[in-house]
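Please look through the structure below with the following walk-through beside it. The text starts at the surface, goes on to the interior and the charged pairs, and ends with the fold as a whole.

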Amino acid sequence: MLLLSCTNISRGYNATPLFDEVSFELHAGERVGLVGPNGAGKTTLLKVLSGQDEPDSGKVQLHAGARLGVLQQVEEFPAGRTLFDEAKSAFDELLATQNELHDTADALAIATDESQRKQLSAKFDRLTELLRHHDAFELDHKVEGVLSGLGFPEADFQREVRTFSGGQQRRLLLAKLLLSAPDVMLLDEPSNHLDIRTTRWLEDYLARQFEGMIIVSHDRYFLDRVVNKVFELHARRITSYPGNYHQYVRLREEQYERRMKEWQ
C-alpha cells in the first residue's frame with residue numbers, strides 16, 4: 001500500500017540546491033535507509049517530508065490517511081510527569097477511546113429507552129472492537145516492553161522525566177514514537193545514545209514492524225540488519241537500490257564498474 005510520495009521536490013539554501021526534482025514513493029513494509037555523503041541534505045529531506053521545512057518546489061503527499069511520526073531531538077516535558085506516564089502518553093488517542101467506552105458503558109447501564117439502548121450498545125461494540133484491534137487492553141504491557149528494551153530499568157519507571165539526562169530523554173522520545181506506531185516513521189540517527197545491547201533490541205524491533213520507514217544512520221551494521229531498501233542521496237539526486245546496506249554497496253560497485261567499461 002502506498003503511504004508517502006514525493007514529486008519533483010527541490011530544496012536548497014543560498015541558491016545552492018541540496019536536492020533537485022527528487023521523486024520517490026514509500027510503501028507499507030518498506031524500511032528505507034537514506035544514505036549519502038555528509039552535507040548531501042539527508043536531514044533536510046527528512047524535515048521536508050515531516051513538514052518541518054518547506055520544499056522550494058514539488059509536492060509531498062501522505063496517502064490512504066497515513067499517519068506520519070518523526071523522531072524528535074528535544075522536547076519540553078511537563079513538570080512532575082513520570083517516565084512511564086510520559087511514554088504511555090503516546091497512546092493518548094486510544095486512552096480517550098477507552099474513556100469513551102467507559103462513559104458509554106455507564107450510560108448503557110442506566111438507559112431505559114429501547115432505541116437509546118440499541119444505539120449505545122452498537123457504539124459500545126464498535127469502540128470495543130476498535131480497542132481490541134489496537135491491543136488497547138495491553139497498553140501497560142507494551143509500555144513496559146519498549147522502555148525495558150530501550151534500557152530503562154523498572155526502578156526508573158516512576159522517576160520524573162526531567163531528572164533524566166539528555167540522552168535518556170531522547171531514548172524516551174524514541175520509545176514514544178515506537179509505541180505510537182505511525183504508518184510512516186522518519187528516524188534520524190535512532191541508535192544514538194544506545195549501547196550495543198539496546199541497539200540490537202531496536203534492530204530486531206524495527207525489522208518486525210510493517211510500517212513504512214526512512215532511516216538516516218551512520219551505523220552501517222544497523223542499516224544492514226534493519227533496512228530492505230536504500231535511497232542514495234548524491235549529487236542532488238536519489239538513486240534507489242533493493243535490499244540491505246551490504247547489497248547496496250555491491251550493486252553500486254557493479255554499477256560503477258559497468259560505467260567504467262562503457263567509458264573505456
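Tyr256, Met260 and Trp263 make a nonpolar surface patch of about 410 Å². The model is a predicted one. Trp263 belongs to helix α9, which covers residues 245-263. With a relative accessibility of 69%, Trp263 counts as exposed, because the exposed class begins over 50%.

Nonpolar side chains tend to be buried together in soluble globular proteins. Here the largest nonpolar core has 40 residues, and the members that touch the most others are Leu147, Leu174, Leu178, Leu187, Leu206 and Ile215. Two or more residues of this core come from each of α2 (83-88), α5 (139-149), α6 (166-180), β6 (184-188), α7 (196-207), β7 (212-216), α8 (220-226) and α9. Helix α6 gives the most, with seven residues. Leu206 shows how such a member is surrounded: leaving aside residues up to four places away in sequence, Leu206 touches Arg31, Leu178, Met185, Leu187, Met213, Ile215, Phe222 and Val226. There is also a second, separate core of 25 residues, with Leu3, Cys6, Leu18 and Leu26 among its members.

The charged side chains come next. Side chains of opposite charge can pair when their charged atoms come close. The whole structure contains 14 salt bridges. One of them is formed by the side chains of Arg11 and Asp56, with an N to O distance of 3.1 Å. This pair links distant parts of the chain, 45 residues apart: Arg11 is in strand β1 (residues 2-13), while Asp56 is in the loop between α1 (42-50) and β4 (57-62). Arg11 has a relative accessible area of 13% and is therefore buried, since the cut-off for that class is under 20%.

Which residues are linked with Glu75 in a network of salt bridges? They are Arg81, Glu86 and Lys176. Within this network, the closest N and O atoms of Arg81 and Glu86 are 2.9 Å apart. For Lys176 and Glu86, the corresponding distance is 2.6 Å. Because Lys176 lies in helix α6 and Glu86 in helix α2, their salt bridge ties together parts that are 90 residues apart in sequence. Glu86 is buried at a relative accessible area of 3%, and Lys176 is buried at 16%. Arg81, at 27%, is partly exposed.

The strands offer a local example. Strand β8 (residues 229-234) and strand β9 (residues 237-242) run antiparallel and are joined by six bridges. Val230 has Tyr241 in β9 as its bridge partner. Two residues lie between the strands of this hairpin, and Ala235 takes a positive phi near 55° there.

The remaining values describe the protein overall. The protein has nine helices and nine strands. Its C-alpha atoms fill a box of roughly 85 × 45 × 35 Å along the principal axes. Of its 264 residues, 44% are buried. Among contacts with a separation of 6 or more, 65% are between residues 24 or more positions apart. The protein exposes about 14,400 Å², and carbon and sulfur atoms supply 48% of that area.

Technical notes. Residues numbered from 1 in each chain as written. Predicted model: local features only at pLDDT ≥ 70, side-chain atom pairs only at ≥ 80, totals over all residues. Heavy atoms only, no water. Patch = residues over 30% accessible without salt bridge, like charges linked within 9 Å, V, L, I, M, F, W, Y side chains within 5 Å. Areas by Shrake-Rupley, 256 points an atom, 1.4 Å probe, with all protein chains shown as cover. Salt bridge = Lys/Arg side-chain N within 4 Å of Asp/Glu carboxyl O. Helix = DSSP H or I, 4+ residues; strand = E, 2+ residues; numbered from the N terminus. Buried < 20%, exposed > 50% of the residue type's maximum accessible area, 1.4 Å probe, protein only. Core = buried A, V, L, I, M, F, W, Y, C linked by side-chain atoms within 4.5 Å. Contact = heavy atoms within 4.5 Å. Pairing = 2+ DSSP bridges.
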